[in-house]
Amino acid sequence: MTRRTFLRGAAAAGGWAALGGALPMARAAERRARVALVRSARVLREGAIDAEVLGRMVDRAVMLATGGDSADRAWASLFSSDEVVGIKPNGLGGPTCSTAPGLIEHCVKRLHGVGVRPESILLWEDRIQNLTACGIDPGSPPWGLRAYEIHDHLGDPVTQGGFTDRLFAPLQR
């Protein structure tokens, strides 16, 4: 499975759900979803996330989703060094129920490992405080990344079928 196939399937599923399942069922039947379920009782230790265990879980999920026989090869099958990659954490749950900083850091390290330059990795959220809830200082994002508040960086409207919206402009280059 290529990164584009993976992202296209995820986008199609999201669009289908957003449209209340209005896409023809024949289109949905053309694609087969892959679901990777990875669990570990050790990921939470004394109420805190163990970033090392979480990283191994993410790598295992990526390997299962791509069919890769190693984490390095699985990540390399999805991303290449000449790409701009966006990471959209979820900070709506506040500091205790938002995307863990260790999860973002692991993904960034894996992207660096396949050659994606730090300045080509973009973090964005709806509101700056949501990035802060994920442990990211928007004024000085870690790992050499760039951080954005999405409302200030929306591109022109894009239409795909019955869907029209403005996309995050920095990823549209």
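Helix axes here are lines fitted to C-alpha atoms over the stretch in contact, and the angles between them run from 0 to 180 degrees between N-to-C directions. Hold on to that for the helix pairs further down.

Some ground rules. This is a predicted model, where local features need pLDDT of at least 70 and side-chain atom pairs count only at pLDDT 80 or more, while totals for chains, interfaces and linings use all residues. Residues are numbered from 1 along each chain as its sequence is written, and side-chain values use heavy atoms, with hydrogens and water left out.

Let's start with the overall layout. The protein chain has 6 helices and 7 strands; these are DSSP runs numbered from the N terminus, with helices being H or I runs of at least four residues and strands E runs of at least two. Walk along the sequence and you meet them in the pattern α-α-β-β-α-α-β-α-β-α-β-β-β. Of the 173 residues, 32% count as buried, where buried means under 20% relative accessible area, exposed means over 50% and partly exposed is in between (1.4 Å probe, protein chains only). Now take the contacts between residues at least 6 apart in sequence, a contact being heavy atoms within 4.5 Å. Of these, 57% join residues at least 24 apart.

Next, the helix packing. Two packed helices are described by the angle between their axes and the distance between the axes. Take α3 with helix α4 (residues 71–78): their axes come within 9 Å and cross at roughly 60 degrees. That angle makes α3 oblique to α4. For reference, angles under 35 degrees are roughly parallel, over 145 roughly antiparallel, 65 to 115 roughly perpendicular, and the rest oblique. The α3 and α4 crossing is left-handed, meaning that the near helix is turned anticlockwise from the far one by less than a right angle; clockwise would be right-handed. On the α3 side the contact uses V58, D59, V62, M63 and T66, and on the α4 side A71, A74, W75, S77 and L78. Sort those residues by type and you get 7 nonpolar, 2 polar and 1 charged. In this scheme Ala, Val, Leu, Ile, Met, Phe, Trp, Tyr, Cys and Pro are nonpolar, Asp, Glu, Lys and Arg are charged, and the others, Gly among them, are polar.

Helix α3 (residues 51–66) also packs against helix α5 (residues 101–113), at an angle of about 55 degrees with the axes 9 Å apart. These two helices are therefore oblique to each other as well, but α3 passes α5 in a right-handed crossing. Here α3 brings A51, L54, G55, V58 and D59, while α5 brings G102, L103, H106 and R110. The split for this contact is 4 nonpolar, 3 polar and 2 charged. Notice V58 and D59: they belong to the contact with α5 and also to the contact with α4.

W75, part of the α4 contact, is worth another look. How many aromatic pairs does the structure hold? There is 1, counting rings of Phe, Tyr and Trp (its six-membered ring) whose centres lie within 6.5 Å, with planes under 30 degrees apart called stacked, over 60 edge-to-face and the rest tilted. The ring centres of W75 and F79 are 6.1 Å apart with planes at 25 degrees, so this pair is stacked. Both W75 and F79 are buried.

Over to the strands. F168 sits in strand β7 (residues 163–168) and is buried at 6% relative accessibility. Skipping residues up to four places away in sequence, F168 touches L122, W124, Y148, I150, H153 and L154. One of these, L122, is in strand β4 (residues 121–125) and is buried with a relative accessible area of 0%. W124 lies in β4 too, and counts as buried at 13%. The C-alpha atoms of W124 and Y148 are 4.6 Å apart, although 24 residues separate the two in sequence.

Finally, two backbone oddities. E46, in the loop between β1 (44–45) and β2 (48–49), has a phi near 55 degrees, a positive value in a residue other than glycine. E46 is exposed, at 83% relative accessibility. W143, in the loop between α6 (128–133) and β5 (146–149), also isn't a glycine and has a positive phi of about 60 degrees. W143 is partly exposed, at 26%.
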